[in-house]
Amino acid sequence: MKKILFLLIISVFTGSCGTSKKKPKSKFADEYQKRILGNVMGLNRLELNASFDECGEWGGHNESFDIYRENKILYAEYIEDIVDCKNPYDENRKIAERKTIRLNEKHEKAIAEYLNSLLEIGLKMEFPYHAGSYYQAVMNDSTMILKYHSVSSSWKEYERLKIVLNK
C-alpha cells in the first residue's frame, strides 16, 4: 500500500513538473490590440460630441459621432440636430441629419489625431464664457473623458475630422 501511494505521489509530481507551453493569445485579442481603436468593441463605445453657439449663450445645435463595433466592423453613427433660436429653451430638437458610416483605417487615424488634439487643447486654459462651442470625447465605460470649451464658434480640428469621416 505504501508503494502504491509513493508511486502515485511521484507520478503526480513528475507529471506537474513537465514543460508547460504558454497558451498563445487568441487571434481575437491580437487583432484588436493592433487596431487604433481596439478598445471600441462589445459594449464599449466612443462618443464624440460637439455643441455650438448660434443662439448665443443659450447654445445651438449639437452634432455627435457614436462609434461602435459590430461583427468586427467599426461604424460611426452621425447625428446632427437643429434648434430654433427664437425659442432656445424648447427641448423639441429636430434631427437634421442621421447617417451610419462604415469606418476604415484612415478614419481611425483621423479619430486618433482628433483625440490627441482634444487632449492637448483641453489642457490649455481659455477664459470661460457662456457662449462658445463645446467638444468632448467619452468612452461610455468612463475610461476616457476629454473636454474642450472654445470661445470661438468652431474648432478647425473638429471640422477636419468631420470632413474625413464624411468622405
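**A tour from the Ser 142 loop**

Start by selecting Ser 142, which sits in the loop that links strand 5 (133–139) to strand 6 (145–150). Strands here are DSSP runs of E with at least two residues, helices are runs of H or I with at least four, and both are numbered from the N terminus. You're looking at a predicted model, where local features need pLDDT of at least 70 and side-chain atom pairs count only at pLDDT 80 or more, while totals for chains, interfaces and linings use all residues. Residues are numbered from 1 along each chain as its sequence is written, and side-chain values use heavy atoms, with hydrogens and water left out.

Stay on Ser 142 for a moment. What is its phi? Ser 142 isn't a glycine, yet its phi is positive, at about 65 degrees. As a rule, most residues other than glycine have a negative phi. The hairpin of strand 5 and strand 6 has five residues between the strands, and Ser 142 is where this positive phi turns up. Is Ser 142 buried or exposed? With a relative accessible area of 51%, Ser 142 is exposed (exposed is over 50%, buried under 20%, partly exposed in between, using a 1.4 Å probe and protein chains only).

Now select strand 5. Five of its seven residues are buried, so the rest of the structure largely encloses strand 5. On one flank, strand 5 pairs antiparallel with strand 1 (residues 46–51) over six bridges; pairing needs at least two DSSP bridges between the strands. To find a rung, pick Ser 51 and look across to Tyr 134, its bridge partner in strand 5. Strand 5 is also joined to strand 6 by six bridges, again antiparallel. There, Val 138 stands opposite Ile 145 of strand 6.

Next, click Ser 133, also in strand 5. Ser 133 has 0% relative accessibility, so it counts as buried. A polar atom of its side chain lies 3.3 Å from the backbone oxygen of Ser 152. Beyond four places in sequence, the contacts of Ser 133 include Phe 52, Asp 53, Tyr 148, His 149 and Ser 154 (contact means heavy atoms within 4.5 Å).

Zoom out to the whole sheet. It is an open sheet of six strands in the order 4-3-2-1-5-6, paired antiparallel. Strand 4 (94–102) and strand 6 are at the edges with a single partner strand each, so one side of each has no neighbour in the sheet. From one strand to the next, the twist averages 10 degrees.

Then show the helices. Helix 3 (residues 105–123) lies across strands 1, 2, 3, 4, 5 and 6, at about 65 degrees to strand 6. Helix 4 packs on the sheet too, touching strands 1, 2, 3, 4 and 5, with its direction at about 50 degrees to that of strand 2. These angles run from 0 to 180 degrees between N-to-C directions, with axes fitted to C-alpha atoms, for helices over the stretch in contact.

In helix 4 (residues 156–165), select Glu 159. Glu 159 is partly exposed, at 27% relative accessibility. Leaving out residues up to four places away in sequence, Glu 159 touches Phe 52 and Ser 154. Glu 159 and Tyr 114 are 45 residues apart in sequence, and their C-alpha atoms are 10.0 Å apart.

Last stop: Lys 72, in the loop between strand 2 (62–70) and strand 3 (73–82). Lys 72 is another non-glycine residue with a positive phi, about 70 degrees. Its relative accessibility is 47%, so Lys 72 counts as partly exposed.

Note on methods:
A polar contact is a pair of N or O atoms within 3.5 Å; within protein, one must be able to donate a hydrogen and the other to accept it, and residues adjacent in sequence count only if both atoms are side-chain atoms.
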